[in-house]
Amino acid sequence: MAIRKLLLLLKPVDLYPFLETDGVSLIKNHQVLQYLESRCKVHRDAITFCQEILNKKPVEWKPISRNDLSHPIRDVDMVITVGGDGTLLHASHFIDDSVHVLGVNSDPTQAHEVEELSDQFDASRSTGHLCAATVDNFEQVLDDILFGRVVPSKVSRISVKLNSEPLLSHALNDILISHPCPAAVSKFSFKIKNKDGDTNPKTVNCRSSGLRVCTAAGSTAAMLSAGGFLMPMLSRDLQFMVREPISPGPTLSQMHSAFKPDQSLDVNWYSDHGTIYIDGCQVNYNVQLGDTIEISSDAPVLNVFLSQGFTQIRSRY
């Protein structure tokens, strides 16, 4: 597909509006203030740089802040996100499988900075597992795409049905089903069902702090932090984990596993209240006692350019 029309989706430039109130900084630690101001400048410079590069290319493009994105993205060939994985995740909720995506990590973590400041505060910057470019290689990566030297990877997303009705949002990273109060117990059961209608004869009953399901892309995020396993990026399997099960007994071994693209995870919700959180907290849906939730990989893939694709291109030359 020829790439000629682009949308440049930007993480907000005003990253830390709390830095000053009435001209007075709310941050008193000089090192922290210097670090946050540096992050703002690096991000602004990255946006300017990407815009200058796009102006030299035979493409039509326009910028938009991710905070102003409210409708599905149509009539463009590719979206370029400038920020980090969070900006690309945000964009994914407005993109179907007809639009390609390239992520630019505008503010990568600097190892020397983390080492120098680790005793003072966490100096990690933007995470960019899904971003194939930075300002250092953006023009080269863009040229490879525009000249058709590389194709996007088809990354799985999660489809959710609530009481048999499909939710509009698909998760690129993960979903969490839990009580809206993190201190409350969630009561639910689940079983794995084959798409031909057969089900695993064993229903697993749970009292816990919730249920998390992730894609291969999301296996590097919250799931990994909770003790899950990494999955190959292009796997279509979904991984699930019951969070903090209460007295699981012999069912403990069934509370963390994976299921295949020809299967779904069917959940029955037995708490008065619950919430389905999709890729974090900004997209969520309420559930209540007696609701059923069907989770599968039956969602349009996201066509995203990954760094491994460009590594393969480089190795040929």
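**Exercise 1.** Determine which side chains meet in a salt bridge with that of Asp96, and where the two residues lie.

*Solution.* Begin with the criterion, which asks for a side-chain nitrogen of Lys or Arg within 4 Å of a carboxyl oxygen of Asp or Glu. The side chain of Asp96 meets that of Arg74 at 3.3 Å, N to O. Next, place the partners: Asp96 belongs to the loop between H2 and S6 and Arg74 to the loop between S4 and S5, so the salt bridge ties together parts that are 22 residues apart in sequence; here helices (H or I, at least four residues) and strands (E, at least two) are DSSP runs, numbered from the N terminus. Finally, Asp96 is partly exposed, its relative accessible area being 25%, where buried means under 20%, exposed over 50%, and partly exposed in between (1.4 Å probe, protein chains only).

The model is predicted, so local features need pLDDT of at least 70 and side-chain atom pairs count only at pLDDT 80 or more, while totals for chains, interfaces and linings use all residues. Residues are numbered from 1 along each chain as its sequence is written, and side-chain values use heavy atoms, with hydrogens and water left out.

**Exercise 2.** Work out which residue forms a salt bridge with Asp107, and which network the two belong to.

*Solution.* The partner of Asp107 is Arg39, with the closest N and O atoms 2.5 Å apart. Asp107 sits in the loop between S6 and helix H3 (111-117) and Arg39 in helix H1 (residues 30-55), so the pair ties together parts 68 residues apart in sequence. Both Asp107 and Arg39 are buried. Salt bridges that share partners then join Arg39, Asp107, Glu113 and Arg125 into one network.

**Exercise 3.** Decide whether Lys57 and Glu139, which form a salt bridge, are buried or partly exposed.

*Solution.* In this pair the closest N and O atoms are 3.0 Å apart. Lys57, in the loop between H1 and S4, and Glu139, in helix H4 (residues 138-146), are 82 residues apart. Lys57 counts as buried because its relative accessibility is 15%, whereas Glu139, at 26%, counts as partly exposed.

**Exercise 4.** Establish the strand order of the open sheet and which strands stand at its edges.

*Solution.* Strands pair if DSSP finds at least two bridges between them. Six strands form the sheet in the order S4-S1-S5-S6-S20-S7, with mixed pairing. Strand S4 (60-65) and strand S7 (153-155) stand at the edges, each with a single partner strand, so one side of each has no neighbour in the sheet. S7 pairs with strand S20 (residues 302-305) in the antiparallel sense over three bridges, and Ser153 stands opposite Val304 in S20.
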